[in-house]
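Okay, thanks for making time, everyone. I'd like to go through some strand pairing and then the cysteines. Have a look at this one with me.

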Amino acid sequence: MNRRDLFKLSGVTAAGVALGSTPLAGSEKTTPKLFTEKKGKRVVICGGGFGGLTVAKYLREFNNKLDVIVIDKKSHFISCPYSNTWLGEGENIGMEELTFDYSHPASKYGYRVLNGTTVIDIDRKKQTVRTNLGAIDYDYLVLAPGIDYDYSRITKSKEKAQEIQQNCPPALMPFGDHLALKKELKNFKGGNFIISIPSGVYRCPPAPYERACMVAYYFKKHNIKGKVVVLDPRSKPATKAEGFLHTFKTLYKDIIQYVPDVSIKDVDTKNKVLYCESFSKETYTIEKRKFYYQTANIIPENRANSLIDLAK
């Protein structure tokens, strides 16, 4: 997308922008209006992660007459990059280095932020976003809500999916899961620390392989006798394969076990067993396999955030 594609008279065009017709749930009379005084053409951005904040910054830089409003359900911004370094206690990265306020960049670039706020519904016909605090009218709408986890290849049960997420935190979205995984690592005394790679397209392809290295680094630092077992549905790492495989075989050859061509089919969180299937290149058959774990970092497939469904 070039600048001409992104900006015309108002400064914004259709790419990444939602316009259309979905009714707004609830009574307009009972929903208070927010930001009733417009400062020019208004762009409402749902999502205050890297994508949403980057759009907000450059919209204001390219056209400072735009009234840009960012909505995010979190009260502060937590950065996923470097979270693996924080997890493995590398480079003195603490929570403070990963946590940022929304107000400073908003003041610097001249957009407005409504954080700690949940989007409830989107009316594309009337061009209104309804939140738990009230409704906001827009001229253009940008959806940048991030990802949701999709456990459907492991289980069709929502209750089982919740159980797996709670007991085997994926930690690919900021930030509660990261704290849970950090606690698991701090309490780890030995055994298998399993990291599963999601199939399909997922957020930040290097992240799970980087995490394996940082957990292995933590094991070496604290003299923990354990294995980091990486279960990958691919035949090689999804990105930077040569570099990661070299690192696994050299720096962490006694700690990291890389297992390709294997997919999780079920999880027994009580007995800490992963039931998997693995493709054998020797026999061209699917083999059933079990992996026992002390800690499991199961990263499921990724899907678009459910907020997208509100704008259909």
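So, strand β14, residues 262–268, and strand β15, residues 273–280, run antiparallel and are joined by six bridges. By strand I mean a DSSP E run of at least two residues, numbered from the N terminus, and two strands count as paired if DSSP finds at least two bridges between them. Within that pairing, V267 has L274 in β15 as its bridge partner. The hairpin has four residues between the strands, and K272 takes a positive phi there, near 55°.

Before I go on: this is a predicted model, with local features needing pLDDT of at least 70 and side-chain atom pairs pLDDT 80 or more, while totals for chains, interfaces and linings use all residues. Residues are numbered from 1 along each chain as its sequence is written, and side-chain values use heavy atoms, leaving out hydrogens and water.

Next, β15 also pairs with strand β16, residues 285–292, antiparallel over eight bridges. C276 sits opposite R289 in β16. Here too the hairpin has four residues between the strands, and Y284 takes a positive phi near 55°.

Now, how many disulfides does a search of the whole structure find? Zero, taking a disulfide as two cysteine sulfur atoms within 2.5 Å. Why is C168 not bonded to C276? Because C276 has the closest cysteine sulfur, and it's 11 Å from that of C168, too far for a bond. C204 isn't in a disulfide either; its nearest cysteine sulfur, in C80, is 8.3 Å away.

And are these two buried or exposed? C168 is buried, at 0% relative accessibility, while C204 is partly exposed at 40%. The cut-offs, with a 1.4 Å probe and protein chains only: buried is under 20% relative accessible area, exposed is over 50%, and partly exposed is in between.
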